[in-house]
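This report describes the sheet, the core and the polar pairs of one protein chain. The sequence and the model are shown first, and the description follows.

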Amino acid sequence: MTKLERVRQMYGVPAKIGGRVLVYSVWAKSDVFGTINGATTAGYLRVHVDGSPPNEELFFNPSDVHFLN
């Protein structure tokens, strides 16, 4: 079982690599769009936020993410 499969099973979310999400950024103090790149062993989603440097990923709890597709 991959990390992302484990996140889908634990949280019951439709997380998939390349999936688009909407998350609240405390730094931007607003909602931002991003793309799922994977998951961590701790059960967080690795998300690349639109407009951030190409190699930068932020980690979000799947229950705090709004899945768009």
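Leaving aside neighbours within four places in sequence, with which residues is His48 in contact? In this predicted model, His48 is in contact with Gly34, Thr35, Asn37, Pro53, Pro54 and Glu56. His48 is located in strand S3 and counts as buried, at 17% relative accessibility, because the limit for that class is under 20%. A polar atom of the His48 side chain lies 3.1 Å from the backbone oxygen of Pro53.

## The sheet

Five strands make up an open sheet in the order S4-S3-S2-S1-S5, with antiparallel pairing. The edges are taken by S4 and by strand S5 (66-67), each of which has a single partner strand, so one side of each is left without a neighbour in the sheet. Strands of a sheet pair through backbone hydrogen bonds, in either a parallel or an antiparallel manner.

S1 and S2 run antiparallel and are joined by 6 bridges. Within this pair, Val23 stands opposite Val32 in S2. The hairpin of S1 and S2 has 4 residues between the strands, and Lys29 takes a positive phi near 55 degrees there.

Strand S2 (residues 30-39) is joined to S3 by 5 bridges, and these two strands also run antiparallel. Two facing positions can be named: Ala39 stands opposite Leu45 in S3, and Gly34 stands opposite Val49 in S3. S2 and S3 form a hairpin with 5 residues between them, where Gly43 in the turn has a positive phi of about 95 degrees.

## The nonpolar core

The largest nonpolar core has 14 residues, and those with the most contacts inside it are Ala15, Val21, Val23, Leu45 and Val65. H1, S1, S2 and S3 are the elements that give two or more residues to this core.

Is Leu45, in strand S3, buried or exposed? Leu45 counts as buried, at 0% relative accessibility. Not counting residues up to four places away in sequence, Leu45 touches Leu4, Val7, Ala15, Ile36, Gly38, Ala39, Leu58, Phe59, Phe60, Pro62, Val65 and Phe67. One of these partners, Leu4, is 41 residues from Leu45 in sequence, yet the two C-alpha atoms are 7.9 Å apart in space. With the same exclusion of residues up to four places away, Ala15 touches Leu4, Arg8, Ile36, Leu45 and Phe67.

## Salt bridges and a polar contact

How many salt bridges does a search of the whole structure find? The search finds 2 salt bridges. Side chains of opposite charge can pair when their charged atoms come close. Both pairs are listed below with the distance between their closest N and O atoms.

| Acidic residue | Basic residue | Closest N and O atoms |
|---|---|---|
| Asp50 | Arg20 | 2.7 Å |
| Glu57 | Arg46 | 2.9 Å |

The salt bridge of Asp50 with Arg20 has its closest N and O atoms 2.7 Å apart. Asp50 lies in the loop between strand S3 (45-49) and strand S4 (58-60), and Arg20 in strand S1 (residues 20-25), so the pair ties together parts that are 30 residues apart in sequence. Asp50 counts as partly exposed, at 39% relative accessibility, and Arg20 is partly exposed with a relative accessible area of 26%.

In the salt bridge of Glu57 with Arg46, the closest N and O atoms are 2.9 Å apart. Glu57 lies in the loop between S3 and S4 whereas Arg46 belongs to strand S3, so this pair ties together parts that are 11 residues apart in sequence. Glu57 counts as partly exposed at 27% relative accessibility, and Arg46 is partly exposed with a relative accessible area of 26%.

Arg20 also takes part in a polar contact of 2.8 Å, formed between its side chain and the side chain of Thr35. Thr35 is found in strand S2. Leaving aside neighbours within four places in sequence, Thr35 is in contact with Gly18, Gly19, Arg20, Arg46, Val47, His48 and Asp50. The contacts of Thr35 thus include Arg20, Asp50 and Arg46, residues that also appear in the salt bridges of Asp50 with Arg20 and of Glu57 with Arg46.

Key: Residues are numbered from 1 along each chain as its sequence is written. This is a predicted model: local features need pLDDT of at least 70, side-chain atom pairs count only at pLDDT 80 or more; totals for chains, interfaces and linings use all residues. Side-chain values use heavy atoms; hydrogens and water are left out. A salt bridge is a side-chain nitrogen of Lys or Arg within 4 Å of a carboxyl oxygen of Asp or Glu. Buried means under 20% relative accessible area, exposed over 50%, partly exposed in between (1.4 Å probe, protein chains only). Contact means heavy atoms within 4.5 Å. Two strands pair if DSSP finds at least two bridges between them. A polar contact is a pair of N or O atoms within 3.5 Å; within protein, one must be able to donate a hydrogen and the other to accept it, and residues adjacent in sequence count only if both atoms are side-chain atoms. A nonpolar core is a set of buried Ala, Val, Leu, Ile, Met, Phe, Trp, Tyr and Cys residues joined through side-chain atoms within 4.5 Å.
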